[in-house]
Amino acid sequence: MTAPTDIKKGLAGVVVDTTAISKVNPETNSLLYRGYPVQELAATQPFEAVAHLLWHGELPTADELADLRREERAHRALAPRVRAAIDLLPLDTHPMDEVRTAVSVIGAIETAGIDSVLEVGGSPADNLARSIRLFAALPAIVAYGQRRRRGLEPIEPRDDLDYAANFLWMTFGEEADPVVVDAFNRSMILYAEHSFNASTFTARVVTSTLSDLHSAVVAAIGALKGPLHGGANEAVQHTLDEIGDASRVGAWLDDALAQKRKIMGFGHRVYKRGDSRVPTMQAALDTLVAHYDRPDVAELTHALEAEFVARKGIYPNLDFPSGPAYALIGFDTLTFTPLFVASRVTGWTAHILEQAASNALIRPLSAYDGPAERHVEGYVPDAAALAAAERPEEALGA
Ligand SMILES: CC(=O)SCCNC(=O)CCNC(=O)[C@H](O)C(C)(C)COP(=O)(O)OP(=O)(O)OC[C@H]1O[C@@H](n2cnc3c(N)ncnc32)[C@H](O)[C@@H]1OP(=O)(O)O
Ligand SMILES: O=C([O-])CC(=O)C(=O)O
């Protein structure tokens, strides 16, 4: 059987719905969140304000930002049940599995008492409140994951610090330099939202069945974990560690390309001439390189980028500068994709709210190319099966 010619493998180039949350424009190499260029948001806003923008469509007023911060700070601490669930996992569990498990536990607690599947989807107000609580809870989960692997106890959150500064406080147990907080805040904003990427689309598919918000986020985390998507920021660091030094880039690339390896942190399904977010994140990385006095990191990343772009004409994506930036801040390589989760939960939940508000079950078609109809040896059809074979539409209830 020949497959229909209009199949778009990987849904490449297929527009499946509208969204008012963000616009990715490869022609102008731009990214807008609710109309605002992401670079402007990264330069001017705390991450909490961008979260509000994604959920509500407008930047917050001073009072709205204060309200969101109050709510976020009230839910920052690591919940005992969530800690207990994480502690049950082996110490060498991948942190993405820890985060996925923690979100699943939070979801079970949040929806405890709902005794009908018809109610699990929740009202828009419930889902916004759940989104804010999840956004507030994730930094403690990610921070504890890194500390647990280092044999350290969790650190209580600080009410006097904003989201980004408190995240670093809970991870490292010391107040980060403002230069570092600023770079980290920018990275959170850049990672927050990117239209119908694989993980966001996954969240929308789950939501479209009228399932609950946490199930959609758990599924999205699973999609983000893969190295062709969010897992690439971790993979970039493995690559940089493997190369080791700028002088080895050429030989390493010869070998990697001969083996047809994908070079992590390069290429993108939508942007073909460079990722709109890279210049902003590259500037943040440059600041961190200067702050930590690590010119070797700049030399290695610049050498790899220059050599790979020259050879293949494929440009870096956001994960390329983010990986080494997170390493400089002191995050373990395995913690990088959970940081992406902590940021992207804002975009995912905005899309969950949007999908739920204008829902249609997402259920595409497939072209069957398996074996032609055949029969189980020895099967003797009964009267109902014979009737169904004669009148298939009726038997299917069509
Ligand atoms: C935040 C994010 O999720 S951004 C994406 C993060 N992912 C990565 O960095 C992983 C590495 N990159 C890739 O694997 C790809 O570029 C993707 C998955 C991101 C995009 O893939 P697609 O749009 O499907 O492009 P596709 O994989 O078809 O690539 C087109 C061609 O460029 C090549 N190519 C694309 N990216 C790379 C890469 N990073 N290394 C080597 N070759 C590459 C492909 O092998 C393919 O070559 P071919 O035509 O000779 O087969
Ligand atoms: O848009 C995509 O396909 C992947 C991406 O860059 C993101 O999710 O940030």
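This report describes the surroundings of two ligands and the setting of one helix in a predicted model.

Ligand 1 has 18 residues around it, and those that come nearest are Ala232, Ile263, Phe266, Gly267 and Arg269. Both domain 1 (23-232 + 330-357) and domain 2 (242-325) contribute at least three residues to the shell around ligand 1. Around ligand 2 stand His194, Asn197, His268, Arg269, Val270, Asn317 and Leu318. The table sets out how the residues of each shell divide by character.

| Shell | Nonpolar | Polar | Charged |
|---|---|---|---|
| Ligand 1 | eight residues | seven residues | three residues |
| Ligand 2 | two residues | four residues | one residue |

The report now turns to helix 14. Helix 14 covers residues 295-312, a run of 18 residues. From its first C-alpha to its last, helix 14 reaches 26 Å, which is close to the 26 Å expected at 1.5 Å a residue. Leu300, Thr301, Leu304, Glu305 and Phe308 are the buried residues of helix 14. Viewed down the axis of helix 14, these buried residues lie within an arc of 120°, and therefore they line one face of the helix. Pro295, Asp296, Ala306 and Ala310, by contrast, are exposed on the other side of helix 14.

The packing partners of the buried residues of helix 14 are helix 11 (232-243), helix 12 (249-258) and helix 15 (319-329). After helix 14 comes Gly313, which has a positive phi, near 65°.

Key:
Residues numbered from 1 in each chain as written. Chains lettered and ligands numbered in written order. Predicted model: local features only at pLDDT ≥ 70, side-chain atom pairs only at ≥ 80, totals over all residues. Near = placed C-beta within 6 Å. Nonpolar A, V, L, I, M, F, W, Y, C, P; charged D, E, K, R; others polar. Domains from an automatic or database assignment. Helix = DSSP H or I, 4+ residues; strand = E, 2+ residues; numbered from the N terminus. Expected span 1.5 Å × (residues − 1). Buried ≥ 20, exposed ≤ 12 C-beta atoms within 10 Å, placed from the backbone. Arc of directions from axis to C-beta. Contact = placed C-beta atoms within 7 Å.
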